[in-house]
Amino acid sequence: QFSNSGDIAALCKRIDHAISLGVNSFAVLFDDLPEGGALSHADSKKFNSVAQAQAFASNSVAEHMHKVQCRGKLLMCPTEYCDSLCEPDAQSSNYLTELLSSLDDNVSLFFTGQDIISRNINCS
């Protein structure tokens, strides 16, 4: 659960173990979640949206990586990771707007373009 500090701590502990093995870049993946990753009852008391909860978790990992001086990248795959999955589209998605406004600048975002597998990606 996003609102459970023990769950975030457990994730950071796994990251610490991976760092001890030489890993320095990580990804937090929120793609292909059932029901779009609907919030649990406990999470809905702390967060107003799925985007806010996912940004919190990703930012917590980024903060932890900085704290332990891990200089690698943190990548995040959002639930809406291509235009065809966005409601109504990537430019107007409330989810992406809120996610991007809440996400730490040190977290890089996956986006695959118009479709899950896109032949071309328009950089605009």
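In this predicted model, β1 and strand β2, which spans residues 74–77, pair in the parallel sense over four bridges. Within this pairing, L29 stands opposite C77 in β2. Strands of a sheet pair through backbone hydrogen bonds, in either a parallel or an antiparallel arrangement.

The pairing of β1 with β2 belongs to an open sheet of three strands, arranged in the order β1-β2-β3 and with parallel pairing. Because β1 (26–29) and β3 (107–109) stand at the edges and each has a single partner strand, one side of each is left without a neighbour in the sheet. From one strand to the next, the twist averages 30 degrees.

Across this sheet lies helix α3, made up of residues 50–67, which crosses β1, β2 and β3 and runs at about 170 degrees to β2. Two residues of the helix, S58 and H64, can be followed in turn to see what surrounds them. S58 has its place in helix α3, and it counts as buried because its relative accessibility is 0%, where the cut-off for a buried residue is under 20%. Leaving aside residues up to four places away in sequence, S58 touches V28, F30, L74, M76, L103 and V107. Of these contacts, V28 falls in the β1 range 26–29 and V107 in the β3 range 107–109, while L74 and M76 fall in the β2 range 74–77.

H64 is likewise found in helix α3, and at 12% relative accessibility this residue also counts as buried, since the value lies under the 20% cut-off. The residues that H64 touches, again not counting those up to four places away in sequence, are C12, I15 and D16.

Helix α3 also takes part in the second largest pocket, to whose lining it gives the most, with five residues. Rolling a probe the size of a water molecule over the atoms shows where empty space is left. This second largest pocket has a volume of about 220 Å³, and its lining consists of N59, A62, E63, M65, H66, C70, R71, G72, K73, L74, D104 and N106. By residue class, the lining divides into four nonpolar, four polar and four charged residues. L74 links this part of the picture to the preceding one, being both a lining residue of the second largest pocket and a residue that S58 touches.

Terms used: Residues numbered from 1 in each chain as written. Predicted model: local features only at pLDDT ≥ 70, side-chain atom pairs only at ≥ 80, totals over all residues. Heavy atoms only, no water. Pairing = 2+ DSSP bridges. Axes fitted to C-alpha atoms, helices over the stretch in contact; angles between N-to-C directions. Contact = heavy atoms within 4.5 Å. 1 Å grid on protein atoms, 1.4 Å probe; cavity = no way out; pocket = protein on both sides within 12 Å on 5 of 7 lines; lining within 4 Å. Points joined across faces, edges and corners; volume = space filled by probe spheres on them. Nonpolar A, V, L, I, M, F, W, Y, C, P; charged D, E, K, R; others polar. Buried < 20%, exposed > 50% of the residue type's maximum accessible area, 1.4 Å probe, protein only.
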